Amino acid sequence: MEKYMGNKSKLVDFIYQNVELELTEKDERSIFDAFSGTTNVGKYFKKNGYDVAVNDINDFSYVLGKCYIDCKRIPTFNKLIKFIKCCSVISKILKESKIEF
């Protein structure tokens with residue numbers, strides 16, 4: 001995502017290469033992006049096998065961090081699907097019984 005002025009999308013490869021230069025084999029592969037913004041840096045490091053923690057004062061950045069960094073897999077929404085099916089069945093029963101609220 002490159003919507004905001006100051007995003008690091010053009011710098012992320014440079015940042016990554018310099019971090020890699022500083023690490024030894026025994027160093028842990030984890031980073032903290034204190035000004036995560038659109039999470040470009042965090043996503044890049046996560047894609048390259050790092051454990052990533054992100055932070056930003058912006059609520060939008062918090063949501064992006066939860067979506068792109070914290071999620072380990074694509075959500076299935078199984079509970080939501082069950083709830084919707086249940087509501088659908090209840091709605092059908094109420095309509096058929098002509099009960100009004």
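**Close-ups of a predicted model**

F83 is exposed, with a relative accessible area of 52%. That puts F83 just past the cut-off, because exposed means over 50%. Everything in these views comes from a predicted model.

**View 1. A nonpolar patch on the surface around F83.** Zoom in on F83 and you'll find F77, L80, I81 and I84 joining it in a nonpolar surface patch. Together these residues have about 510 Å² of accessible area. F83 itself sits in helix α4, which covers residues 78–97.

**View 2. The largest nonpolar core, nine residues in all.** Here we go inside: V12, Y16, I31, V41, Y44, F45, Y50, V52 and I69 make up this core. Two elements, α1 (12–22) and α2 (40–47), each give two or more residues to it. The top contributor is α2, with three residues.

**View 3. Y16 and what it touches.** Now pick out one core member, Y16. Leaving aside residues up to four places away in sequence, Y16 touches Y44, F45, N48 and Y50. Y44, F45 and Y50 also belong to the largest nonpolar core.

**View 4. The one salt bridge in the structure.** D70 pairs up with K66 here, and the closest N and O atoms are 3.0 Å apart. Both partners lie in helix α3 (residues 59–70), four residues apart, or about one turn of the helix. How buried or exposed is D70? At 37% relative accessibility, D70 counts as partly exposed. K66 also counts as partly exposed, at 39%.

Definitions and conventions
Residues are numbered from 1 along each chain as its sequence is written. This is a predicted model: local features need pLDDT of at least 70, side-chain atom pairs count only at pLDDT 80 or more; totals for chains, interfaces and linings use all residues. Side-chain values use heavy atoms; hydrogens and water are left out. A nonpolar core is a set of buried Ala, Val, Leu, Ile, Met, Phe, Trp, Tyr and Cys residues joined through side-chain atoms within 4.5 Å. Buried means under 20% relative accessible area, exposed over 50%, partly exposed in between (1.4 Å probe, protein chains only). Contact means heavy atoms within 4.5 Å. A salt bridge is a side-chain nitrogen of Lys or Arg within 4 Å of a carboxyl oxygen of Asp or Glu. Patches are made of residues with over 30% relative accessible area and no salt bridge: like charges are joined within 9 Å, nonpolar side chains (Val, Leu, Ile, Met, Phe, Trp, Tyr) within 5 Å. Accessible areas come from the Shrake-Rupley method with a 1.4 Å probe; for residues, only the protein chains shown count as cover.
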